[in-house]
Amino acid sequence: MTISNKTRVPKRKAQAIPTFALYGESVTSAQDMLHIEDVQSRSQLYQWEIEPHVHHGLYQVLWLQQGTADVLLDERREAVRGPTAIVVPPGVVHGFRFAPATDGLVLTLSAKFLEAGEFQAVGEAFRALFAAPGLLPFEPGQVTAVRLNALFRELLAEFLLPGSDGSPVPVWLARSLVWRLAQASARGQQVQGKRAYGHQALFTRFLLLVEQHFLEHWPLERYASRLGLSTPRLNRLVREQRGVSALELVHERLTREACRRLIYIAAPAARLAAELGFEDPAYFSRFFKRRMGVSPQRYRSEHGGQD
């Protein structure tokens with residue numbers, strides 16, 4: 001459900017999108033983070049509003065059990081009601097405005113904490129779940145929602161238990177959550193049972209490569225080579241999974257990043273074009289207008305930004 005016009009759009013930042021480890025806290029070098037907290041503990045400090053920000057190298061799931069929230073994921077704004085899981089991959093601009101006394105939890109973790117050979121299946125679920133930002137709504141009382149809520153609460157209890165440092169239990173519970181959320185996401189997308197699991201894993205690897213290299217403007221041949229595929233085979237794979245060509249998917253990601261930066265970063269469009277890998281600002285303008293129907297400057301103006 002789209003937020004009404006009465007919903008206040010979070011303020012756009014002056015020069016850069018804030019980057020945090022946890023909201024309001026400086027970025028650290030820790031790459032094995034596993035953290036969970038209830039929504040109230042942090043949001044109350046900020047009058048129930050978490051301004052737009054990003055996390056680099058950290059993955060988050062916000063579990064909204066009861067209450068409502070206005071959710072920002074990149075340029076997408078929606079109003080949601082619990083129970084809903086909000087999935088936030090690294091680098092996605094996100095912000096929240098919660099109704100007072102909202103009941104929920106926020107799980108933050110790094111990819112490294114799930115990288116273990118004996119947990120290959122969980123790793124695949126992890127990559128599939130965080131391939132893109134999104135919302136996973138559930139019906140109140142739905143069995144899956146009840147089970148997820150119980151796992152989140154148990155993880156919080158274990159995390160807060162005195163002397164729990166070094167305990168494997170929070171890791172086990174977090175892996176269980178990722179597994180169940182990935183299953184729920186797959187069901188919500190109505191993934192066909194006949195679709196080969198190997199194809200899903202290969203497509204996920206492609207998405208991860210795109211996320212890592214889209215600003216470098218890799219040619220499709222390079223993506224295909226890294227995956228051990230021919231370019232036609234890569235295109236068939238992407239069309240099977242997403243219904244578009246591989247190049248279209250890469251351009252979708254590049255366009256989404258351009259929209260994000262035009263809205264949230266106060267810098268000339270020419271500078272943003274260079275940061276997005278375009279040597280010629282005029283070519284960037286043509287690329288953007290072809291995809292969005294308006295020039296970068298017009299898009300920024302329509303979304304409340306300014307150069």
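A salt bridge is a side-chain nitrogen of Lys or Arg lying within 4 Å of a carboxyl oxygen of Asp or Glu. With that in mind, let's take a walk through this predicted model.

## Salt bridges

The structure holds 11 salt bridges. Some of them join up: Glu211, Arg253, Glu257, Arg260, Arg261, Arg271 and Glu275 are linked in a network of salt bridges. Three pairs are set out here, with the gap between their closest N and O atoms.

| Acidic residue | Basic residue | Closest N and O atoms |
|---|---|---|
| Glu211 | Arg253 | 2.9 Å |
| Glu275 | Arg271 | 3.3 Å |
| Glu302 | Arg298 | 2.8 Å |

Let's begin with the pair in the top row. Glu211 and Arg253 form a salt bridge, and this pair links distant parts of the chain, since its residues are 42 apart. Glu211 belongs to helix H5 (residues 197-213), while Arg253 belongs to helix H8 (residues 246-264).

Is Arg253 buried or exposed? Its relative accessible area is 6%, so Arg253 is buried, because buried means under 20%. Its partner Glu211 has a relative accessibility of 34% and therefore counts as partly exposed.

The next pair stays within one helix. Glu275 and Arg271 both sit in helix H9 (residues 269-275), four residues apart, which is about one turn of the helix. Both are also members of the network. Glu275 is partly exposed at 34% relative accessibility, and Arg271 is partly exposed as well, with a relative accessible area of 40%.

What about Glu302 and Arg298, where do they lie? Both are found in helix H11 (residues 296-302), again four residues apart, or about one turn of the helix. Glu302 has a relative accessible area of 46%, which makes it partly exposed. Arg298, at 48% relative accessibility, counts as partly exposed too.

## Where two helices meet

Now back to H8, the helix that carries Arg253. Helix H7 (residues 231-242) packs with H8 at an angle of about 65°, and their axes are 8 Å apart. Angles from 65 to 115 degrees count as roughly perpendicular, and H7 and H8 are therefore roughly perpendicular to each other.

Which residues of H7 and H8 meet? From H7 come Leu234, Asn235, Val238 and Arg242, and from H8 come Ala246, Leu247 and Leu249. The residues of this contact divide into five nonpolar, one polar and one charged.

Technical notes:
Residues are numbered from 1 along each chain as its sequence is written. This is a predicted model: local features need pLDDT of at least 70, side-chain atom pairs count only at pLDDT 80 or more; totals for chains, interfaces and linings use all residues. Side-chain values use heavy atoms; hydrogens and water are left out. Helices (H or I, at least four residues) and strands (E, at least two) are DSSP runs, numbered from the N terminus. Buried means under 20% relative accessible area, exposed over 50%, partly exposed in between (1.4 Å probe, protein chains only). Axes are lines fitted to C-alpha atoms, for helices over the stretch in contact, and angles run from 0 to 180 degrees between N-to-C directions. Angles under 35 degrees count as roughly parallel, over 145 as roughly antiparallel, 65 to 115 as roughly perpendicular and the rest as oblique. Contact means heavy atoms within 4.5 Å. Ala, Val, Leu, Ile, Met, Phe, Trp, Tyr, Cys and Pro count as nonpolar, Asp, Glu, Lys and Arg as charged, and the others, Gly among them, as polar.
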